[in-house]
Amino acid sequence: MPTRTLQIPTPDGQADAFAAFPDGGERHPGVLMYADALGIRPVVRELARELAGHGYYVLVPNFLYRHGPTPVVELPEYIGEEARPAVIAQLMPLIKAHSAERIRSDADAYLRFLTGQPEVGAGPVAVTGYCIGGLLALHTAAAHPGQVAAVAGFHGPVVADGPDGLHGFLSKITARVHLGHAETDLTPEALGELNQALDAAGVDHTSEIYPGTVHGFTMSDTDAFSASGLKRHWDRLLPLLDGTLAHG
């Protein structure tokens with residue numbers, strides 16, 4: 001599986017990024033993958049490689065590049081519950097500074113770079129994201145409705161209301177959407193409110209709580225990891241991409 005470490009030019013500098021894509025010299029649909037708050041690390045690279053193995057060019061940018069190359073903060077090899085609070089405390093100010101304006105500006109640069117790669121075919125792309133990356137994926141889809149055909153977010157901070165809620169841009173999304181929530185991320189009542197908001201905006205979506213999961217369930221380098229949750233994530237993600245992106 002070919003991989004590359006790349007630099008994406010943006011209005012605010014160079015964003016370091018990881019890319020994985022099938023071998024063979026052919027062109028493939030592009031997928032922009034946003035990592036979780038902990039950033040690009042071995043487990044995220046493995047997710048990108050596995051997705052690329054299904055026939056996609058996967059680009060994972062360091063969306064906190066303004067604060068340095070990945071890893072932006074020092075990470076232990078295994079991010080257990082003892083280490084996690086201190087790591088998150090360092091990252092939260094950086095995430096809060098990542099304004100909607102920065103998200104949109106970066107998304108423009110990331111998609112321009114992705115679609116300009118010689119291994120990426122013509123046509124629409126998909127955007128996926130984990131944790132805060134799920135919210136970034138939705139913002140990207142809303143800002144590029146003619147270009148993003150599918151968007152998926154997993155254990156993301158996505159709720160119907162609040163400062164980080166969806167009202168105000170949901171109606172701009174034309175992509176097919178899947179949201180996979182952890183049991184600890186929102187209540188069934190909050191899920192109902194979110195899905196009502198998606199319905200009201202006319203978004204073609206599936207949005208569900210993954211049973212027996214906690215926030216971060218896709219990440220095998222954390223205590224939150226759930227093998228069944230990760231499998232369900234692939235069972236939802238791969239048909240979504242296959243049904244929206246053209247191969248060959």
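Me: In this predicted model, what span should the 13 residues of helix α5 have, and how far apart are its end C-alpha atoms?

Reply: A helix can be checked by comparing its expected span with its actual one. At 1.5 Å a residue, helix α5 (residues 188-200) should span 18 Å, and its end C-alpha atoms are 18 Å apart, so the two values agree.

Me: Which residues of α5 are buried, and where do they lie around the axis?

Reply: The buried residues are Leu-191, Leu-194, Asn-195, Ala-197 and Leu-198. They cover an arc of only 155° around the axis, which means that they lie on the same side of α5. Among the elements covering these residues are β7 (176-182) and β8 (205-210).

Me: Which exposed residues does the face turned away from the buried side carry?

Reply: That face of α5 carries Glu-189, Gln-196, Asp-199 and Ala-200. Just after α5, Gly-202 adopts a positive phi of about 75°.

Me: How is empty space in a protein recognised, and what lines the second largest pocket?

Reply: Rolling a probe the size of a water molecule over the atoms shows where empty space is left. Here, the second largest pocket holds about 150 Å³ of space. Its lining includes Ile-40, Arg-41, Thr-70, Glu-77 and Asp-221. By class, the lining has seven nonpolar, four charged and one polar residue.

Me: Where is Asp-108 found, and what is its relative accessible area?

Reply: Asp-108 belongs to helix α3 (residues 100-115). Its relative accessible area is 32%, so Asp-108 is partly exposed. The C-alpha atoms of Asp-108 and Ala-143 are separated by 8.5 Å, although these residues are 35 residues apart along the chain.

Methods: Residues numbered from 1 in each chain as written. Predicted model: local features only at pLDDT ≥ 70, side-chain atom pairs only at ≥ 80, totals over all residues. Heavy atoms only, no water. 1 Å grid on protein atoms, 1.4 Å probe; cavity = no way out; pocket = protein on both sides within 12 Å on 5 of 7 lines; lining within 4 Å. Points joined across faces, edges and corners; volume = space filled by probe spheres on them. Nonpolar A, V, L, I, M, F, W, Y, C, P; charged D, E, K, R; others polar. Helix = DSSP H or I, 4+ residues; strand = E, 2+ residues; numbered from the N terminus. Buried < 20%, exposed > 50% of the residue type's maximum accessible area, 1.4 Å probe, protein only. Expected span 1.5 Å × (residues − 1). Arc of directions from axis to C-beta. Contact = heavy atoms within 4.5 Å.
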